[in-house]
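Biologist: Could you take me through the surroundings of the bound ligand in close detail, beginning with the overall layout of the chain?

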Amino acid sequence: MSALPRLERPGYLRVDEPAATGSVAADRIRRRIPNILSIAGSDPSGGAGIQADLKSIAANGGYGMAAITALTAQNTRGVRAVHVPPVAFLTEQLDAIADDARVDAVKLGMLGSAEVVAAVGDWLVGTRPAVVVLDPVMIATSGDRLLDADAERALRDLLPLADLVTPNLAELAVLVGEPVADDWAAALAQGRALAAATGVRVLVKGGHLAGPETPDALVEADDTTVGFDGARIATTNTHGTGCSLSSAIATRRAVTGDWSVAVGEARAWLRESIAAGSELEVGGGNGPIHHFAGVWARGGTTTPPTPADLAAEWWEETAGIRSAIDDLPFVRRLADGSLPRDAFLDYLGQDAVYLRDYARVLAAASRLAPDADAQRFWAGSAAGALAEELASHERLLAGAAATAHPEPDATTTAYLDHLLAAVARGEYGVVVAALLPCFQLYVDLGMRLAAGGFGAAARRPEHPYAPWLASYADPGFAESTRIATGILATTAAAATPALRERMRRAYRVSAEHELAFFGAPRGGSAAEAAAPHDADGARNPATVVATATA
Ligand SMILES: Nc1ncnc2c1ncn2[C@@H]1O[C@H](COP(=O)(O)OP(=O)(O)OP(=O)(O)O)[C@@H](O)[C@H]1O
Ligand SMILES: Cc1ncc(COP(=O)(O)O)c(N)n1
């Protein structure tokens, strides 16, 4: 343990915001998440109704809200009972939502009774949501009726308040007053007739056609038609496909602003979810679709650590190394000004040699950077290392007997080889991780020296190494370190677990090299200034850590 007083973790290492780089995450934050309201019935088995709608809305990038029109007692095999609560309470639900939240799109599902249809119609007229998708639920896949005969008539009156209606073949037939179409051409003709008669666009759905194809078509009131083809997926998991598709379209329409793009995207998602439905083990009838199959496959189901967590965790892992650096005779004597001049100049000469290759590694980070902001930052840091820091070293060394560019000693060589090996492997994240301890440990030490954490001597202007001490407590260097830490943290958070582990190792090993670098024997006073090292003088960083922290 260090006997020296220690500052709290410095503020400049906190990563509360995404780094100032144009990341995918930042783009996502800027885009508005649409609020999608489902007005539909409840399916306690979770595959259809509002349960399906909320999953579908979430899977397609919306925030789901639901006002319940009716309760059903159903499972994958069929509907056992339907209960329609007092309609006044539905209106209470709808008003509660509209009084408080923006509604970007509405999806209408099972409405149950003529009174419910009328109440929903009144509410739509009063609130005028920007997007209304009406799935005219009348009969469940199982063949059970979900709407009484009066309500069918009332539903027809509701059509003009919708922007899109999505009937299946049986519902389309009811709406146009004809027999159910038995081929795609007849279905399309009915869809066109409905669109022309009501002025509402119609999605004609071929899910209930016989045969190997499941075509859908978006028919505008002016007869413009966009067709979507797709081979039938062999599955019995089709419970709730209509509910899920209509809420997905409402969501994608709110996101994209385009109906045919929305239908295309919703269908792509639906097909993936139908195909994965058999992964679920729910009931013995027509099972549900797997609403999150694609999301889970691409994003996983565990919550990865945040950038801020990672930055804090990795920094915390260097606590032992930092404490060992604080305890080094070199650092203590540097702080109190008693470090012999030749030891200081020797250190500075090695640091100058180090900086030249460090600048090459910074330039490599710029070359590998995935975005222009990061590219600029690393290039600027490379130029800064050469122009400012190296130049100041050379000024400090000028006039001294020491040479500005000595040969790198074993400790310096080991550290540089670690950095250059990261460049050779070519992984941006690993290069950045290897670079960071040099920023962070120097700023940390510089700030604590300047704050008097190692005694008052380091703060005095007459301190023999005052210019050097000042350069590491520089606010500009602290700011660069904050940005570099942000880049490290966001890169690590977005990395695969395996790459993140390689980054963590590179970071840790660089921190160990920092300790070895501070602890290396220096100048004529090597014996006094050196860190503890093993009998044969090897300065393997791990050995130094072990002995220095013992
Ligand atoms: N087996 C399948 N393979 C591929 N797509 C399908 C399949 N079954 C249905 N679909 C698609 O699912 C969507 C819903 O179509 P469908 O005609 O079944 O409507 P629906 O009857 O309202 O739905 P539900 O069966 O939930 O009542 C359409 O896009 C349709 O093409
Ligand atoms: C509450 C409710 N709403 C809609 C449907 C229709 O869905 P599907 O035709 O897929 O059974 C349903 N079964 N239950």
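Modeller: The protein chain is divided into two assigned parts, domain 1 spanning 33-299 and domain 2 spanning 306-549, and the C-alpha centres of domain 1 and domain 2 lie 61 Å apart; please keep in mind that this is a predicted model. Turning to the ligand, the space taken by ligand 1 is the second largest pocket, and there are 18 residues around ligand 1, of which Asn168, Lys205, His208, Asp216 and Gly242 come nearest.

Three of these names return in the polar contacts. A polar side-chain atom of His208 lies 2.5 Å from an oxygen atom of ligand 1, and for Asp216, too, the distance from a polar side-chain atom to an oxygen atom of ligand 1 is 2.5 Å. In Gly242 it is a backbone N or O atom that approaches, lying 2.8 Å from an oxygen atom of ligand 1. As for burial, ligand 1 has 610 Å² of accessible area on its own, and the protein covers 94% of that area.

The shell can also be read by secondary structure and by residue class. Both α8 (241-256) and α9 (259-275) supply at least two residues of the shell around ligand 1, and it is α9 that gives the most, with four residues. By class, the residues of the shell around ligand 1 divide into nine polar, five charged and four nonpolar. Taken together, the picture is of a ligand in the second largest pocket, with 94% of its own accessible area covered by the protein, and with a shell to which α9 gives the most.

Methods: Residues are numbered from 1 along each chain as its sequence is written. Chains are lettered from A and ligands numbered from 1 in the order in which they are written. This is a predicted model: local features need pLDDT of at least 70, side-chain atom pairs count only at pLDDT 80 or more; totals for chains, interfaces and linings use all residues. Side-chain values use heavy atoms; hydrogens and water are left out. A residue is near a molecule or strand if one of its heavy atoms lies within 4 Å of it. A polar contact is a pair of N or O atoms within 3.5 Å; within protein, one must be able to donate a hydrogen and the other to accept it, and residues adjacent in sequence count only if both atoms are side-chain atoms. Accessible areas come from the Shrake-Rupley method with a 1.4 Å probe; for residues, only the protein chains shown count as cover. On a 1 Å grid over the protein atoms alone, a cavity is a set of points where a 1.4 Å probe fits but cannot get out, and a pocket is an open set with protein on both sides within 12 Å along at least five of seven lines; lining residues have an atom within 4 Å of a point. A molecule sits in a cavity or pocket if more than half of its atoms lie within 2 Å of its grid points. Ala, Val, Leu, Ile, Met, Phe, Trp, Tyr, Cys and Pro count as nonpolar, Asp, Glu, Lys and Arg as charged, and the others, Gly among them, as polar. Domain bounds come from an automatic or database domain assignment.
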